[in-house]
Amino acid sequence: MSTLPDGRFVDDAPYDPKESLNQIERRDLDAPNWVLIWRKFKQHKLGLISGIFLLLSYLMLPFAGFISPYTPNERMSEHLYAPPQSVRLWHDGKFVGPFVYSTKSEPDLQTFQWKIVPDTSRPMPLEFFCERGSYRLAGLIQTNIHLFCAPEGATVFLWGSDRLGRDMFSRILYGAQLSLTVGLIGITVSFLLGISFGSIAGYFGGKIDWVINRVIEILRSLPELPLWLALSAAVPSNWGPVSVFFIISIILGILDWPGLARSVRAKFLSLREEEYVRAAEMMGASSGRVIRKHLLPNFMSHLIASATLSIPSMILGETALSFLGLGLRAPAVSWGVMLNDAQNLANVEIYWWTAIPMLPIIVVVLAFNFLGDGLRDSLDPYQS
């Protein structure tokens with residue numbers, strides 16, 4: 001390899017027209033599997049950006065109370081349906097720093113509605129690392145320190161307020177703690193059931209396979225949404241938000257496992273006849289060890305991709321149930337509970353910011369789908 005005066009590198013080896021440019025190099029064949037997966041995954045730009053976004057979103061969950069300027073159920077009765085406020089830096093041509101204008105409500109004699117009028121004569125700088133409403137950091141440490149707060153006599157509604165005068169931005173951050181974790185719990189339940197029943201049916205076969213298949217077919221024949229509604233309606237109304245949250249997560253997981261179990265069963269039916277499986281059985285390996293050590297690792301790439309594609313359905317399921325009033329209920333805060341307040345279309349037409357909780361749902365679901373596509377393509381590094 002030689003360097004030209006303009007900085008370009010040129011290979012000194014003679015040109016071979018028969019050499020394949022797509023031929024896999026020796027260092028690629030000797031590289032660990034995770035290196036090949038990461039190298040391929042980096043080429044999927046949407047998947048990489050989505051993965052970084054989701055990682056930051058989940059890392060933010062324990063600090064939602066710190067980032068939020070208000071607590072989720074903190075009410076300001078004088079600012080009902082307040083529109084989103086802008087955080088400004090300049091006032092009358094002078095740099096002031098992050099500040100907001102105080103607002104007041106005045107009647108509009110033409111529309112007979114209250115309108116919010118900002119007082120642009122006096123900027124009110126935001127306060128940082130201030131003490132306001134108390135919350136539990138990461139659910140453990142009681143504190144009242146917030147990243148930023150509105151000064152006395154002003155408000156900071158970045159995404160407006162709802163019908164009770166609660167900050168939409170703060171509630172969306174708090175709602176992410178439930179809406180994003182319900183997918184993780186649900187997918188855990190679904191994977192435990194799907195992998196267990198699918199591996200048993202595919203490895204042993206016979207009557208066990210027949211019984212599990214009939215159960216899968218019965219569950220898959222039931223209409224999904226009415227079954228969700230029926231199971232959610234059976235949850236006692238006097239249960240606390242935490243109990244309802246776990247029950248909803250388990251319900252979503254129980255209804256999602258048949259599809260995964262069928263995929264695992266089909267894969268095991270083909271893998272159990274491989275020579276390395278027969279060799280392990282002849283050496284005295286138990287059925288559990290053969291499944292854990294030999295069969296599941298060959299199927300792990302599909303399981304990882306399936307997990308990232310199944311979590312969005314869990315999130316949408318919780319949102320739909322909470323939107324219909326059959327999932328999480330107030331005072332619990334989730335994106336579905338917030339959208340429950342936006343059922344009145346006439347109300348949304350006037351106060352459009354009450355429908356903002358749709359945006360994080362759309363963004364998160366798309367991010368999971370892009371991440372799943374990237375993982376699915378990269379988990380087979382030799383496909384090209």
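**Notebook: a helix pair and a disulfide**

I looked up the contact between two helices in this predicted model. On the H8 side I noted Ile248, Leu252, Gly253, Asp256, Leu260, Ser263 and Val264. On the H11 side, the residues they meet are His302, Leu303, Ser310, Ser313, Met314, Gly317, Glu318 and Leu321. I sorted this contact of H8 with H11 by class and got 7 nonpolar, 6 polar and 2 charged residues.

Next I checked how the two helices are placed. H8 covers residues 241-271 and H11 covers residues 300-323. Their axes are 10 Å apart, and the helices pack at an angle of about 145°. I recorded the crossing of H8 past H11 as right-handed.

I then turned to the cysteines. How many disulfides does the count come to? I found 1 disulfide. The bond joins Cys130 to Cys149, with an S to S distance of 2.0 Å. I looked at the torsion about the S-S bond of Cys130 and Cys149; it is about 100°, so I entered the disulfide as right-handed.

Which strands hold the two cysteines? Cys130 lies in strand E6, residues 127-137, and Cys149 lies in strand E7, residues 141-149. The pair therefore ties together parts that are 19 residues apart in sequence.

Last, I asked whether each partner is buried or exposed. Cys130 has a relative accessible area of 6%, so I put Cys130 down as buried. Cys149 is at 1% relative accessibility and also counts as buried. Both calls rest on the cut-off that buried means under 20% relative accessible area.

Notes:
Residues are numbered from 1 along each chain as its sequence is written. This is a predicted model: local features need pLDDT of at least 70, side-chain atom pairs count only at pLDDT 80 or more; totals for chains, interfaces and linings use all residues. Side-chain values use heavy atoms; hydrogens and water are left out. Axes are lines fitted to C-alpha atoms, for helices over the stretch in contact, and angles run from 0 to 180 degrees between N-to-C directions. Helices (H or I, at least four residues) and strands (E, at least two) are DSSP runs, numbered from the N terminus. A crossing is left-handed if the near helix is turned anticlockwise from the far one by less than a right angle, and right-handed if clockwise. Contact means heavy atoms within 4.5 Å. Ala, Val, Leu, Ile, Met, Phe, Trp, Tyr, Cys and Pro count as nonpolar, Asp, Glu, Lys and Arg as charged, and the others, Gly among them, as polar. A disulfide is a pair of cysteine sulfur atoms within 2.5 Å. Buried means under 20% relative accessible area, exposed over 50%, partly exposed in between (1.4 Å probe, protein chains only).
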